[in-house]
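Let's take a walk through this one together, starting where the chains meet and then moving inwards. Keep the viewer open as you read.

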Amino acid sequence: MSHPLRGRAAIAGIGNTKRWNAPGRTPFDQMQEAVILALEDCGLGLKDVDGLFCAISSSGLPVLNAAERLGISVRHADGTMVGGASFLFHLQNAVSALDHGLCDVALICYGSNQLSAGGRLVSMPDPQPYEAPYKPRYPISSYALSAARHMHDYGTTRENLADVALAARTWANLNPDAFARGPLTRDEILSSRMVSDPITRADCCLVTDGGAALVLMRADRARDLAKPPIYVLGTGTAVSHRQIAAMPDLTTTAAVESVRRAYDMAGVGPSDIDHVMVYDAFTFTTLLFLEDLGFCPKGEGGSFVSSGAIAPGGSLPVNTNGGGLSCNHPGMYGLFTIIEAVEQLRGACGERQIQGAEIALAHANGGVLSSQATAILGTAATI
Amino acid sequence: MSPDPRFDGPGPEEVWLTALKEGRFLLQHCRTCHACRFPPALVCGACGSSEIEWKEASGRGTIYSTTTVRERDNNYNVSLVDLAEGARMMSRVDGVSPDEVRIGMEVQARIVAEPEPIVLFAPSAGGAS
Ligand SMILES: [Zn+2]
């Protein structure tokens, strides 16, 4: 007996501005362009949208700003803000809202001008009085504390982290739309400036601009549109903490729970997945999430990534757009994991296309390993 | 209806800060299940009981994880310390070079005015390093 939400909703359209450095544009300019592209992708119009889901780092009331800018009046809205994973929380909520008839056309959207507006990560005001006196670099030091403990417990090395950056760049070199392309060597990565041990500059994601959008509908209605629908087979979310000191075990994230929920709903397991997107805010997070998502045992992420498994030609294609490390990272990257998964399942990825990809897993993270959300997507063949 | 008397008095953050200003490092202990909670809150994080007692911390702790923040002309430590009472807090280990702070190192707390009073740690005298 399959889960009642399995395949109930589908992604009908996607929009990606691919403007990674676009001075003179606001986050809402990026967002609006992505929305127009996503609606044109599936042949719908703004008047069809009746559910709006939005998160933007620089806005405390993103749904209101987005609705006004787009000129739409919606009957269902969700501005859940849990960092970079927000859009996969939106996705789960959109599937549920569509199923219950709270809306018929759900739009999930995002925009950022983080690079051109100054080149620093834009964070929502969210003071942490028990951390601030110690001046951790936010969010880098929090991830560094997790990586340091993982190295201590499992013998993970900086060379393992470098191999994640190399794999990402090798994929990016197959993607004409990636921001960081060109040769990169292991030595260059390892000699990069240390920021918060053991994380170096080369272990950190890019800082870019960007905009992205998704249009979702119930599967029966999505079948008649311009592009073949990509079905939402399963979703799962989990929230575990806000500050890194409150994370129970720094080497295991709540992705363990979000992915179990997603696998259960989809009725699949790790060996069924053809294509994987994980939120690589840092090289270390790729390794950590591959463990937590069940692609290798806990503690073996280092040897797994250094075996070449995740690079082009490896056994598990991971972050085929080049990831946050080499494709783009506008601050809250989560939506781009879905965009690339849809492109792969549509067979639209050119040189980096995974032949015969039918099931993709996209995983996003928010805060400091705080919020975790997993989506499993499939082609018509999986329904 | 009057406010629930279980939650009368100053809030937990106020109690914590007031004690720090008096040079005292206080931790919350649950009278029901004996769990220790940090950062402080209204009820026990383990069992939900509002029967909470503030007690002076032993100041003893063990480094759970550690990083060195690198700035152009200043490197400093940021650590997560597992307190002997059972809670975990972010802090800084002073008194040794940041590179010498190790996971598993035993440390001892002290209160330092920077200028606001905060809890810092130093390697324990005679402790494992
Ligand atoms: Zn208790």
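How many residues does the contact take from chain B and from chain A? It takes 27 from chain B and 25 from chain A, where contact means heavy atoms within 4.5 Å. Before going on, some housekeeping: this is a predicted model, in which local features need pLDDT of at least 70 and side-chain atom pairs count only at pLDDT 80 or more, while totals for chains, interfaces and linings use all residues. Residues are numbered from 1 along each chain as its sequence is written, chains are lettered from A and ligands numbered from 1 in the order in which they are written, and side-chain values use heavy atoms, with hydrogens and water left out.

Back to the interface. The size of an interface is often given as the accessible area lost when the parts come together. Here chain B and chain A bury about 2200 Å² between them, with 59% of that on carbon and sulfur atoms; buried area is the accessible area (1.4 Å probe) that two parts lose on being put together, summed over both. On the chain B side, look for Tyr64(B), Arg70(B) and Met90(B): they supply 29% of the area that chain B buries against chain A, more than any other three residues.

Arg70(B) deserves a second look. Its side chain meets that of Asp197(A) in a salt bridge, at 2.7 Å from N to O. A salt bridge here is a side-chain nitrogen of Lys or Arg within 4 Å of a carboxyl oxygen of Asp or Glu, and by that rule there is one across the interface of chain B and chain A. Polar contacts come to twelve residue pairs between the two chains, both residues at pLDDT 80 or more. For a polar contact you need a pair of N or O atoms within 3.5 Å; within protein, one must be able to donate a hydrogen and the other to accept it, and residues adjacent in sequence count only if both atoms are side-chain atoms.

Which elements of chain B supply at least two residues each to the side that touches chain A? They are helix 1 (12-21), strand 4 (60-70), strand 5 (75-83), strand 6 (88-91) and strand 8 (117-123). Strand 4 of chain B gives the largest share, eight residues. Helices (H or I, at least four residues) and strands (E, at least two) are DSSP runs, numbered from the N terminus.

Now move into chain A, which has twelve helices and eleven strands. Its radius of gyration (taken over C-alpha atoms) is 19 Å, close to the 21 Å that the globule rule gives for 383 residues, so chain A is as compact as a globular protein of that length; the rule is 2.2 Å times the number of residues to the power 0.38. Of those 383 residues, 63% are buried, where buried means under 20% relative accessible area, exposed over 50%, and partly exposed in between (1.4 Å probe, protein chains only).

Helix 4 (residues 140-154) of chain A is a good place to stop, and Ser146(A) lies in it. Is Ser146(A) buried or exposed? It is buried, at a relative accessible area of 0%. A polar atom of its side chain lies 2.7 Å from the backbone oxygen of Leu250(A). Setting aside neighbours within four places in sequence, Ser146(A) is in contact with Leu250(A), Phe284(A), Leu288(A) and Leu369(A). In the same helix, Arg149(A) and Asp153(A) are four residues apart, which means about one helical turn separates them, and their side chains form a salt bridge (3.2 Å, N to O). Arg149(A) is buried at 15%, whereas Asp153(A) is partly exposed at 34%.

Over all chains, the whole structure has 28 salt bridges. One of them pairs Arg75(A) with Asp50(A), the closest N and O atoms being 3.0 Å apart, and it links distant parts of the chain, 25 residues apart. Asp50(A) is buried, with a relative accessible area of 11%. Both residues belong to a salt-bridge network with Asp104(A) and Arg218(A).

Finally, some backbone details. The peptide bond from Tyr138(A) to Pro139(A) is cis, with omega near -5°, and Pro139(A) sits in the loop between strand 4 (105-112) and helix 4 of chain A. In chain B, a cis peptide bond joins Glu114(B) and Pro115(B), omega being about -10°.
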